[in-house]
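Thanks for coming, everyone. Please look at the screen while I talk you through this one.

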Amino acid sequence: MKKLQNQKLFEEYIAVNKIAGYFSEDMKAWMELYVFSKNEYLCREGAEMDYLYFFVDGRAKVYTTLSNGKSLLLSFYEGFKVLGDVELFQVRGAASSVQAIDDTYCIGIYLPQVREKLLRDPVFLTFMGYSLSDKLNRLSKNSSINLYYPLEHRLSSYILATGVKKESILFKENLTYLSEMLGTSYRHLLRTLDMLCKRGTILKRENAYEVMNESELRKLAGDIYR
C-alpha cells in the first residue's frame, strides 16, 4: 500500500464517485488516496482493519478461507465498492481477504480517528445500510453460484475477471490454487479447461491460456461473481 500525494486525482475520484455526499459534513480532511500494487492485499481475513476504503479504480478478488485451509472465491471488485463497512460496526478482524488483480486505487479513512463521528452521522449510516444490503445480496447470490453453477460458467467468469487484456485476453494462474478457489478438484478443472480448448474458446499457450472467442466466454460467464 502506498499513499499518493496527487490532489488532482484525489479530487477526481471523490467527484466521480460522489463520495462527499455520503457524509453530513465535509470529511475530505480525513481522507487519503492509496494505491495497492498488483497481487497486494487490501486486507487479509482475520487481520485487524483500521481503514474504511472506498474502492474507486482497479480490480480485486474477494475470497474466504475454509476450516480445511482451502480458499473459496466470493466475488470480484470492479467499479465503486466499500471495504471495511462490516468491520466499522464490529471491531474485529477482516471478514474476508481482498487481493488486487491490477494496480488498485482506494480513498481511505483511518477509522480510529473518526469511528465515533461516523457512527453518529445519519447520512453516512443510511449510505452504510445500502452498502451492506448490496453486499449481503451479492454474497447470497455468489454462494448459490458456487453450489449450483457448472464449473465452465464459474471458470469463464474467473478468466474474464482476472485475465490480462492486450490484443486478446491472456490468463495465467496456478491451477492447484484455482481449483481450490472455484471449489472443485484439480482433475475436473483440467477437464473443463481442455473442453474449452476443444471448443476453440481458449487456446493453451506454453504457460498460459489465450481467449480466442471472447463473446462465447462472456456468454458462459453471464453476470457470475459480480
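Which residue in E7 is the bridge partner of Phe-55? It is Lys-81. Keep in mind that this is a predicted model.

Let me zoom out first. The protein chain has eight helices and 13 strands. Its radius of gyration is 19 Å, close to the 17 Å that the globule rule gives for 226 residues, so the chain is as compact as a globular protein of that length. The C-alpha trace spans about 60 × 40 × 25 Å along its principal axes. Of the 226 residues, 47% are buried. Now take the contacts between residues at least 6 apart in sequence. Among those, 74% join residues at least 24 apart.

Back to the opening pair. Phe-55 belongs to the story of strand E4, residues 51-57. E4 pairs with strand E7, residues 81-83, in the antiparallel sense, and three bridges hold that pairing. E4 also pairs with E9, again antiparallel, over six bridges. In that second pairing, Tyr-53 stands opposite Gly-108 in E9. Is E4 covered or open? Mostly covered: six of its seven residues are buried.

One general reminder. Strands of a sheet pair through backbone hydrogen bonds, either parallel or antiparallel.

Now follow E9, residues 104-110. E9 pairs with E2 in the antiparallel sense, over six bridges. Thr-104 in E9 is the bridge partner of Phe-36. E2 covers residues 31-36, and five of its six residues are buried, so E2 is largely enclosed by the rest of the structure. E2 has another antiparallel link, to strand E1, residues 2-4, through three bridges. There, Lys-2 has Val-35 in E2 as its bridge partner.

Next, a four-stranded sheet. What is the strand order? It reads E3-E8-E5-E6, the sheet is open, and the pairing is antiparallel. E3 and strand E6, residues 71-78, are the edge strands, and each pairs on one side only. On average, neighbouring strands here are turned by 30 degrees against each other, direction ignored. Look at the E5 and E8 pair inside that order. Strand E5, residues 59-65, and strand E8, residues 97-100, pair antiparallel over four bridges. Tyr-63 stands opposite Ser-97 in E8. Helix H5 packs on this sheet, touching E5 and E6, and its direction makes about 50 degrees with that of E6.

A quick stop at a loop. Glu-48 sits between strand E3, residues 41-43, and strand E4. Is Glu-48 buried or exposed? Exposed, because its relative accessible area is 67%, and the cut-off for exposed is over 50%. Glu-48 and Ala-95 are 47 residues apart in sequence, yet their C-alpha atoms are 9.8 Å apart in space.

On to the second sheet of four strands. This one is open too, in the order E10-E11-E13-E12, with antiparallel pairing. Strand E10, residues 164-165, and strand E12, residues 202-204, are at the edges with a single partner strand each, so one side of each has no neighbour in the sheet. E12 joins strand E13, residues 209-211, by three bridges, and the two run antiparallel. Ile-202 stands opposite Val-211 in E13.

H5 turns up here as well. This helix, residues 151-162, lies across E10, E11 and E13, running at about 110 degrees to E11. Strand E11 itself covers residues 169-171.

Last stop: which helix crosses H5 at roughly 75 degrees? That is H7, residues 186-199, and the two axes come within 10 Å. The crossing makes H5 roughly perpendicular to H7, because angles from 65 to 115 degrees count as such. On the H5 side, the contact uses Leu-151, Glu-152, Leu-155 and Ser-156. Among the H7 residues they meet are His-188, Leu-189, Leu-193 and Arg-199. By class, the contact has six nonpolar, three polar and two charged residues.

To recap H5: it touches E5 and E6 in one sheet, lies across E10, E11 and E13 in another, and crosses H7. Thanks, that is my tour.

Definitions and conventions. Residues are numbered from 1 along each chain as its sequence is written. This is a predicted model: local features need pLDDT of at least 70, side-chain atom pairs count only at pLDDT 80 or more; totals for chains, interfaces and linings use all residues. Side-chain values use heavy atoms; hydrogens and water are left out. Two strands pair if DSSP finds at least two bridges between them. Contact means heavy atoms within 4.5 Å. Axes are lines fitted to C-alpha atoms, for helices over the stretch in contact, and angles run from 0 to 180 degrees between N-to-C directions. Buried means under 20% relative accessible area, exposed over 50%, partly exposed in between (1.4 Å probe, protein chains only). Angles under 35 degrees count as roughly parallel, over 145 as roughly antiparallel, 65 to 115 as roughly perpendicular and the rest as oblique. Ala, Val, Leu, Ile, Met, Phe, Trp, Tyr, Cys and Pro count as nonpolar, Asp, Glu, Lys and Arg as charged, and the others, Gly among them, as polar. The radius of gyration is taken over C-alpha atoms; the globule rule is 2.2 Å times the number of residues to the power 0.38.
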